[in-house]
Amino acid sequence: MKKIQLLQATVALALICTFAACKKNEEFNGQTIQPQVLTEEMMSENGANPDEIGITDNINQMIVAYKSGRKSSLHLYTETNGVSRNEIMVYDIKNNGQLELKETTISGGAGTGSGLGSQGALAIDRNHEWLYAVNAGDNSVSSFKIRNDGSLKLAHTIASGGKTPVSVTVHDNLLYVLNRGSDEIHGILIGMNGKLTDIAGSSQPLSGKGVDAPQISFTPYGDYVVVTEKATNKIGTFKIKGNGGAMPGKFSNSEGKTPFGFDWSRNRYMIVSNAAGGMAGASSTTSYIINNRGLLRNLNGAVPNYQAAACWVATSKHGRFAYVTNTASNNVSSYFIAGNGGLYLAKANAAPSGTGPVDVVVASNDFYVYVLTAKSNTIDGYYRKPFGQLGVVSHTSMVPSSATGLATY
């Protein structure tokens, strides 16, 4: 009972403090944003922000759920990246946001035994029927059937078409993998029962050698795949042809230094973290749009969050908020994405994390957020609060130090 009362008091205090903060002038990108503008845009989009509507109801439901601890229909996945045998760890998400380990499933390949420093080691298709994983230790990719209860069945394993695959992305029946060790991307066709087949001529080089690329992702409509390059401060876009192959990449200079992870907002905007080489207080995030020539155009610059090593990014369900993990600051920042793609820092420190946060996802209920930590060896759970704030809901321990990637539905 005391825990419930404490949670209610914490939520109430957070709401009061947030409303008070919104009454002050805030400064974003050197421009003073008047209180009414901040309130109209960030708080509710004139009462129609789908990522804000219902948060209070969800908080009330979560308080009730603390008493029951019932399982929900949501699941979360990470991979052990074990050097001798890679495995996928499957968690059930309870109604109160806590995680319960359901099973571990062999991946059909091997890991490297240490973190990959990438985003997208796991990917789930839009229908939540199939999961795909990289096996960076033996240069392969695996497909898994997702059963109704969230458990997995290994379907097929295939060579990744290069060296050290670290990130995968899926759109309809196409799978693309980023092979960091050989600085290239490679396309794979997804067939019946999860069978994977190479797409001839689909491999394309990145901008050079040793570019240290951390992520690959399809654009929301599947017409391009996009890759960030940390060492070159470039972002590559690859047009997808009718046969599923990729055209040679076009490379844009990143607005911020050390572009790392990214996610998509409002089915249009690319939200990229800039780790700035891990320098203290130097991290930022940038919003881009792809123009009709396939090049990126930044919308309002590198928006600072005053943290260190901003690396991983996840956007909310409707794309109004982005959550960024700061690996060297041990916390999570939040940004608001306006209708025109403009990016605004909501909370520099939306919530603390364990030591070395290395990945982040937003659950499909648009309420829970999960962060994988590399040094605390936990998965930290949060619930979304108004205006980009986060409240701590769980700490799941006994996660291998080599674990990498997060996926959820």
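Trainee: Which residues form one aromatic cluster with Phe367?

Mentor: In this predicted model, Phe367 forms one aromatic cluster together with Tyr368, Tyr370 and Tyr383.

Trainee: And how many aromatic pairs does the structure hold?

Mentor: The structure holds nine aromatic pairs. One of them joins Tyr77 and Tyr409, whose rings are stacked, with 6.5 Å from centre to centre and 10° between the planes.

Trainee: Where do Tyr77 and Tyr409 lie in the chain?

Mentor: Tyr77 belongs to strand β3, residues 71-79, while Tyr409 is in the segment after β31, which covers 404-408. The two positions are 332 residues apart in sequence, so the pair ties together distant parts of the chain.

Trainee: Buried or exposed, what is Tyr77? And what about Tyr409?

Mentor: Tyr77 counts as buried, at 0% relative accessibility. Tyr409 is buried as well, with a relative accessible area of 11%.

Trainee: What kind of pair do Phe260 and Trp312 form?

Mentor: Phe260 and Trp312 form a tilted pair, with 4.7 Å between the centres and 50° between the planes. This pair also links distant parts of the chain, for Phe260 is in strand β19 (residues 259-265) and Trp312 in strand β23 (residues 310-315), 52 residues apart. Phe260 is buried at a relative accessible area of 5%, and Trp312 counts as buried at 5% relative accessibility.

Trainee: Back to β3. Which strands form the open sheet with it, and in what order?

Mentor: The order is β5-β4-β3-β31, and the pairing of these four strands is antiparallel.

Trainee: Which strands stand at the edges?

Mentor: The edge strands are β5 (99-106) and β31. Each has a single partner strand, so one side of each is left without a neighbour in the sheet. On average, neighbouring strands of this sheet are turned by 25° against each other, direction ignored.

Trainee: Over how many bridges do β3 and β4 pair?

Mentor: Strands β3 and β4 (residues 87-94) pair over seven bridges, in the antiparallel sense. Tyr77, from the stacked pair, has Val90 in β4 as its bridge partner.

Trainee: Changing topic: which residues touch the most other members of the largest nonpolar core?

Mentor: That core has 42 residues, and those touching the most other members are Leu76, Tyr368, Tyr370, Ile379 and Leu390. Strand β28 (residues 368-373) gives the most to this core, namely five residues. Two of the names just listed, Tyr368 and Tyr370, appeared in the aromatic cluster too.

Trainee: What is Leu390 in contact with?

Mentor: Leaving aside neighbours within four places in sequence, Leu390 is in contact with Tyr323, Val332, Ala350, Ala351, Val369, Tyr382, Tyr383, Arg384 and Lys385. Tyr383 is also a member of the aromatic cluster.

Trainee: And how many residues are in the second, separate core?

Mentor: The second core has 32 residues, including Leu116, Ile158, Leu206 and Val225.

Trainee: Now β12. Why is this strand described as largely enclosed?

Mentor: Strand β12 (residues 184-190) has seven residues, and six of them are buried, so the strand is largely enclosed by the rest of the structure.

Trainee: Over how many bridges does β12 pair with β11?

Mentor: Strand β11 (residues 174-179) and β12 pair over six bridges in the antiparallel sense, and Val177 has His186 as its bridge partner in β12. These two strands form a hairpin with four residues between them, and Asp183 in the turn has a positive phi of about 55°.

Trainee: What about β12 and β13?

Mentor: Strands β12 and β13 (residues 196-198) pair over three bridges, again in the antiparallel sense, with Ile188 opposite Asp198. Their hairpin has five residues between the strands, and Asn193 takes a positive phi near 60°. In addition, β12 pairs over two bridges with strand β14 (residues 204-205), in the antiparallel sense.

Trainee: One last point: how many helices and strands does the protein have?

Mentor: The secondary structure comes to three helices and 31 strands. Of the 409 residues in the protein, buried residues make up 57%.

Methods
Residues are numbered from 1 along each chain as its sequence is written. This is a predicted model: local features need pLDDT of at least 70, side-chain atom pairs count only at pLDDT 80 or more; totals for chains, interfaces and linings use all residues. Side-chain values use heavy atoms; hydrogens and water are left out. Rings of Phe, Tyr and Trp (its six-membered ring) pair if their centres lie within 6.5 Å; planes under 30 degrees apart count as stacked, over 60 as edge-to-face and the rest as tilted. Buried means under 20% relative accessible area, exposed over 50%, partly exposed in between (1.4 Å probe, protein chains only). A nonpolar core is a set of buried Ala, Val, Leu, Ile, Met, Phe, Trp, Tyr and Cys residues joined through side-chain atoms within 4.5 Å. Contact means heavy atoms within 4.5 Å. Two strands pair if DSSP finds at least two bridges between them. Axes are lines fitted to C-alpha atoms, for helices over the stretch in contact, and angles run from 0 to 180 degrees between N-to-C directions.
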